[in-house]
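User: I should like to learn how to read burial, contacts and helix packing from a structure. Could we work through an example together?

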Amino acid sequence: MSVTIYHNPRCSKSRQTLALLQDQGIEIEIIEYLTSPPDAVTLAGILDKLGLQPLELMRRKEASFKDLGLADEEKSRNDLIQAMVNNPILIERPIVLSGDKAALGRPPEAVLKIL
């Protein structure tokens with residue numbers, strides 16, 4: 001089995017989730033999304049796998065969330081996805097993908113259900 005983690009090494013939940021995956025002995029592709037953010041199509045697919053809307057995957061306390069006016073109800077799904085692509089700090093982490101399944105590692109143990 002192989003999984004992908006969208007990881008931020010500075011985030012304790014992301015580090016805990018990565019360690020949990022490593023303890024499972026599975027092959028892990030690590031994507032540090034702050035330096036290699038997903039493109040809009042990939043992010044839309046991740047949202048679909050998670051069953052979330054863009055605002056549900058956004059870190060709303062980030063300054064850029066307010067600065068970009070992302071709480072505006074006039075923003076489309078595509079606008080919000082593009083905002084995350086352009087400002088990956090807005091993406092909640094960690095995200096783990098396994099085949100056609102995805103989970104947000106909050107708490108880290110939540111990812112075990114997709115393995």
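User: Which residues does E29 touch, not counting residues up to four places away in sequence?

Analyst: In this predicted model, E29 touches V3, T4 and I5 once residues up to four places away in sequence are set aside. E29 itself lies in strand β2, which spans residues 27-32. A distance between C-alpha atoms can be read alongside such contacts: E29 and H7 are 22 residues apart in sequence and 9.8 Å apart in space, C-alpha to C-alpha.

User: Is E29 buried, partly exposed or exposed?

Analyst: The relative accessible area decides: buried means under 20%, exposed over 50%, and partly exposed in between. E29 has a relative accessible area of 43% and is therefore partly exposed.

User: How should N8 be read on that scale, buried or exposed, and where is N8 found?

Analyst: N8 counts as buried because its relative accessibility is 5%. Its place is the loop between β1 (2-7) and α1 (12-23). Leaving aside neighbours within four places in sequence, N8 is in contact with S14, Y33, L34 and R93.

User: And what does S64 touch, beyond residues up to four places away in sequence?

Analyst: S64 touches L70, I89 and L90. This serine lies in helix α3, residues 63-67. With a relative accessible area of 17%, S64 falls under the 20% cut-off and so is buried.

User: Let us turn to the interior. Which residues touch the most other members of the largest nonpolar core?

Analyst: The general idea comes before the case. In soluble globular proteins, nonpolar side chains tend to be buried together. Here the largest nonpolar core has 23 residues, and L57, M58 and I95 touch the most other members. Three elements, α2 (40-50), α4 (77-86) and β3 (95-98), each supply at least two residues of this core. Apart from this core lies another, of 10 residues, including L18, V96, A103 and V111.

User: What is M58 in contact with, leaving aside its neighbours within four places in sequence?

Analyst: The contacts of M58 are with F65, L70, L80, A83, M84 and L90.

User: In the other core, how far apart are the C-alpha atoms of L18 and V96?

Analyst: They are separated by 9.2 Å, although L18 and V96 are 78 residues apart along the chain. L18 has its place in helix α1 and counts as buried, at 11% relative accessibility. Neighbours within four places in sequence aside, L18 is in contact with I5, H7, I28 and I30.

User: Now for helix packing. At what angle do the axes of α2 and α4 cross?

Analyst: One reads the approach of the axes, then the angle, then the handedness. The axes of α2 and α4 come within 9 Å and cross at roughly 110°. Angles of 65 to 115 degrees count as roughly perpendicular, and the two helices are therefore roughly perpendicular to each other. The crossing of α2 and α4 is right-handed.

User: Which residues of α2 and α4 meet?

Analyst: From α2 come A40, L43, A44, L47 and D48, which meet R77, I81, Q82, M84 and V85 of α4. Sorted by class, this contact has seven nonpolar, one polar and two charged residues.

User: Which residues of α4 are buried, and what does their cover include?

Analyst: L80, I81, A83, M84 and V85 are buried in α4. What covers the buried residues of α4 includes α2.

Definitions and conventions:
Residues numbered from 1 in each chain as written. Predicted model: local features only at pLDDT ≥ 70, side-chain atom pairs only at ≥ 80, totals over all residues. Heavy atoms only, no water. Core = buried A, V, L, I, M, F, W, Y, C linked by side-chain atoms within 4.5 Å. Buried < 20%, exposed > 50% of the residue type's maximum accessible area, 1.4 Å probe, protein only. Helix = DSSP H or I, 4+ residues; strand = E, 2+ residues; numbered from the N terminus. Contact = heavy atoms within 4.5 Å. Axes fitted to C-alpha atoms, helices over the stretch in contact; angles between N-to-C directions. Parallel < 35°, antiparallel > 145°, perpendicular 65-115°, else oblique. Left-handed = near helix turned anticlockwise from the far one by under 90°. Nonpolar A, V, L, I, M, F, W, Y, C, P; charged D, E, K, R; others polar.
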